[in-house]
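Hi,

Here is the structure I said I'd pass along. Have a look at it first, then read my notes underneath.

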Amino acid sequence: MLSSLCWVPPGRSRTVLPADVATAVGVPPPPPPPDGDGNPVLDDTPTAAGSDDDDGSTGSTESDDAVDVSDVLSSGVEALALFPSNADDPLLAAGVGADGGDPDAVYDEEELADVLLRPTDSLVIAAVAEEDASLLAFHVVEPAVSYSDDGAALVDSDDDDNDGGYGGTPEEPYTPHSYVHHDLILPSFPLVAAWTDGCVAGNKAGGSYVAVGSFGPAIDVFDVNAMDSLEAVVTLGGVAPIQSGAGGRPKKARRPRPGTGAAAAAAAAAAAVASSPNDMPLLPGSHTGAVMALDWHPSQREYLASGSADSTVKVWDAETGVVATTLSHHTDKVQAVAWSPVDESALLTASFDGCLTVVDVRAPPPPTGAGAGGLRLSADVEAAAWLVGGDGVPPVGTTVAVTTEDGVMALHDVRRLGGGGGRKKKGKARAAATLLGSVVAHTGAATALAQSSALPGLLVTGGTDKFVRVWDAAALSTSAAGRSDGGKEPPPPSSPAAALWERKAGAGAVFSAALLPSAALTGHDGGGRDSARPRGVSPFVLAVGGAKGTLTLLDLAVESAAVRDRWGRTALDADGWAAVTRRASRNARVGSRVASTRMRRGATAAAATGSGGGGGAAASAGGDEDDGLSSSEPGDSESDGEDDASRGMALDDSDTGSEVEEGDEEEMDSQD
């Protein structure tokens with residue numbers, strides 16, 4: 001499964017190759033870290049006699065049939081030869097470098113172009129849990145529009161109306177171009193990931209880092225730029241390292257005598273240092289449960305907020321690696337944390353205790369439990385974020401969007417916290433002074449929420465019903481204005497038909513979704529430093545992950561005419577708009593071909609049965625498939641074609657008719 005996604009904006013990361021590889025390909029090495037020359041510190045301390053690694057015994061503990069590796073390696077040693085270069089090896093020279101290239105080259109020209117990141121390349125970091133391993137996968141997403149050396153926009157051959165396969169129709173619908181750059185094995189099951197370009201582990205100049213929360217109590221922060229990174233640059237909290245004695249064995253804690261000063265000191269230490277579920281000692285200030293939510297501060301970029309299953313919220317100083325503040329105002333698992341984009345000390349927190357609060361981290365609230373100055377939600381929270389202001393949306397820093405387990409997405413004005421928030425008294429709903437609008441976004445839990453500072457008002461939700469949907473926050477936030485009660489009572493949730501666009505993402509149950517942020521955006525998408533995007537980069541690219549464990553990329557402006565009409569003209573330049581319209585037309589052509597193929601397949605099935613009833617049944621089955629795949633976007637003449645094309649159905653061109661590939665047939669069955 002793919003549990004979490006986060007973006008690295010274009011131009012905010014670069015590839016740092018190992019020193020020997022960088023020298024071989026002519027790439028200048030990165031500057032050394034502030035506290036050293038960049039070389040790994042090797043532990044060459046000899047093992048003490050009598051330790052676990054060397055018990056001083058001379059007898060072999062291996063069985064009689066064990067293979068001695070040294071004997072195998074030493075056999076035939078007279079036939080071994082050592083050459084200073086691959087070019088000098090007669091066996092390798094026949095195959096390596098036969099094309100005239102350097103036989104010692106680590107990367108050829110094409111591979112090096114894929115390894116080195118360009119200023120217009122973005123990264124999607126996907127936290128994936130597989131059956132045998134957990135990992136971070138770093139996907140490079142290329143810009144929506146590429147340019148030639150003379151500055152002219154390049155047009156894909158498949159986007160040209162007069163080109164492509166199948167009689168002028170391209171074989172595949174458009175999807176953003178991406179590839180896996182590298183991956184990183186994680187020590188435990190990941191739950192959440194968050195990116196920053198801030199100061200971490202003493203690097204005052206900043207860098208490119210991703211923090212990962214997992215089922216363990218520790219938060220690992222990794223260097224995104226380092227391809228050969230195996231360990232975190234800093235770990236916040238977690239299990240305390242075991243100190244070793246002189247013989248290499250762990251020191252045994254002395255049992256203090258009752259009534260002594262040592263006993264009092266031991267009791268104080270026990271109170272200060274918590275224990276993990278498996279009774280391993282934890283570092284001071286560490287979480288004691290799984291880390292479920294993370295968010296980097298948008299301006300003071302060394303600070304990281306975390307929410308945990310231990311019901312606490314912590315603020316970490318990643319530059320020093322210590323906890324700065326601990327908040328204990330919730331009574332259940334903390335699912336969401338988000339820094340305010342306008343108030344540096346304000347932090348949004350939401351918990352399974354049904355409470356959403358905005359707290360001042362400089363003056364932590366007392367641990368009085370849920371509901372103290374907070375908002376009571378209708379169900380367990382799934383995601384929460386500060387709403388981007390502008391373009392008909394309430395001012396930034398005033399409104400939050402929340403999705404819950406019952407499938408509802410709601411917008412709340414946090415300036416009115418304490419005014420009821422939908423709580424019930426004697427079976428009647430009290431006035432929800434904070435509620436600006438709500439909608440039934442999904443039939444199951446609404447597990448994902450995404451927005452972008454470049455697209456004010458555009459909200460994307462994902463749910464366990466396998467759908468992603470696009471909403472206009474400006475329309476939802478004004479829903480209370482036209483009612484007879486003036487918005488004093490909680491408005492009834494809208495139906496899913498109010499969505500601007502929807503489709504099954506092909507990711508299974510959706511667990512995470514994220515829109516491509518602007519180039520210089522730091523922290524979360526609610527605010528922070530912002531600047532113009534690099535040329536050719538589209539803010540409409542959506543990354544989706546879920547139960548299938550695969551990354552899905554969608555260009556919302558290509559997929560939906562309603563999204564194009566609402567935000568496209570203001571968010572895209574002339575080249576971007578031209579590319580979007582060409583690709584929307586391309587997807588419509590592919591969708592029409594898919595629909596025609598289905599009709600021919602239904603007619604063939606009807607003729608094979610030799611009965612009108614059988615043919616009707618076959619046609620009905622095909623109709624059910626189309627119903628399951630059709631777009632619900634109202635008034636969009638291209639929606640049916642676009643939605644069919646977005647399934648990525650490749651067709652085989654043959655004399656007997658085109659057929660949907662077997663993998664796509666299985667996908668349709670699973671969707672039904």
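Below is what turned up when I went through it, grouped by region.

One thing up front: this is a predicted model, so please read everything here as computed from predicted coordinates.

**The four-stranded sheet**

Let's start with an open sheet whose four strands are ordered β5-β6-β7-β8, with antiparallel pairing. Its edges are β5 (190-196) and β8 (234-236), each of which pairs on one side only. On average, neighbouring strands here are turned by 20° against each other, ignoring direction.

The β5/β6 pair is worth a look. β6 covers residues 209-214 and runs antiparallel to β5, with six bridges joining the two. If you want a concrete pair to click on, Ala194 has Ala211 in β6 as its bridge partner.

**Two positive phi angles**

The loop between β5 and β6 also holds Ala201. This residue is not a glycine, yet its phi is positive, at about 55°. Ala201 has a relative accessibility of 39%, so it counts as partly exposed.

Ser311 is another non-glycine with a positive phi, about 75° in this case. You'll find Ser311 in the loop between β10 (303-308) and β11 (313-317). Is Ser311 buried or exposed? Its relative accessibility is 16%, and the cut-off for buried is under 20%, so Ser311 counts as buried.

**Salt bridges**

Side chains of opposite charge can pair when their charged atoms come close. Searching the whole structure for salt bridges gives 12.

The one I'd open with is between the side chains of Arg12 and Asp197, at 2.3 Å from N to O. Arg12 sits in the loop between β1 (2-8) and α1 (19-25), while Asp197 sits in the loop between β5 and β6, so this pair ties together parts that are 185 residues apart in sequence. As for exposure, Arg12 is partly exposed, at 27% relative accessible area, whereas Asp197 is buried, at 3%.

Next comes Arg118, which takes part in a salt bridge with Asp121, where the closest N and O atoms are 3.2 Å apart. Arg118 counts as partly exposed, with 39% relative accessibility, and Asp121 counts as buried, with 6%.

Which other side chain does Arg118 meet in a salt bridge? That would be Glu142, at 3.8 Å from N to O. This pair links distant parts of the chain: Arg118 is in the loop between α4 (109-115) and β2 (122-129), and Glu142 is in the loop between β3 (134-141) and α5 (165-168), 24 residues apart. Glu142 is partly exposed too, at 27% relative accessibility. There is also a network: Arg12, Asp197 and Arg301 are joined into one by salt bridges that share partners.

**Around Thr399**

Thr399 belongs to strand β18, which spans residues 399-404. With a relative accessible area of 1%, Thr399 is buried. Its side chain makes a polar contact of 3.3 Å with the side chain of Thr398.

What does Thr399 touch, leaving out residues up to four places away in sequence? The list is Ala385, Trp386, Leu387, Pro394, Leu411, His412 and Leu436.

**Helix α9**

Last stop is α9, which covers residues 561-571. Its buried residues are Ala561, Val563, Arg564, Trp567, Gly568 and Ala571. Looking down the axis of α9, these buried residues fall within an arc of 155°, so they line one face of the helix. The exposed residues Asp565, Arg569 and Thr570 are on the other side of α9.

The N-terminal end of α9 is capped by Ser560, with a side-chain oxygen 3.3 Å from the backbone nitrogen of Ala562.

That's the lot from me. If you only have a few minutes, I'd pull up the Arg12 and Asp197 pair and then look down the axis of α9.

Cheers

Notes. Residues numbered from 1 in each chain as written. Predicted model: local features only at pLDDT ≥ 70, side-chain atom pairs only at ≥ 80, totals over all residues. Heavy atoms only, no water. Pairing = 2+ DSSP bridges. Axes fitted to C-alpha atoms, helices over the stretch in contact; angles between N-to-C directions. Buried < 20%, exposed > 50% of the residue type's maximum accessible area, 1.4 Å probe, protein only. Salt bridge = Lys/Arg side-chain N within 4 Å of Asp/Glu carboxyl O. Polar contact = N/O pair within 3.5 Å; in protein donor to acceptor, adjacent residues only side chain to side chain. Contact = heavy atoms within 4.5 Å. Arc of directions from axis to C-beta.
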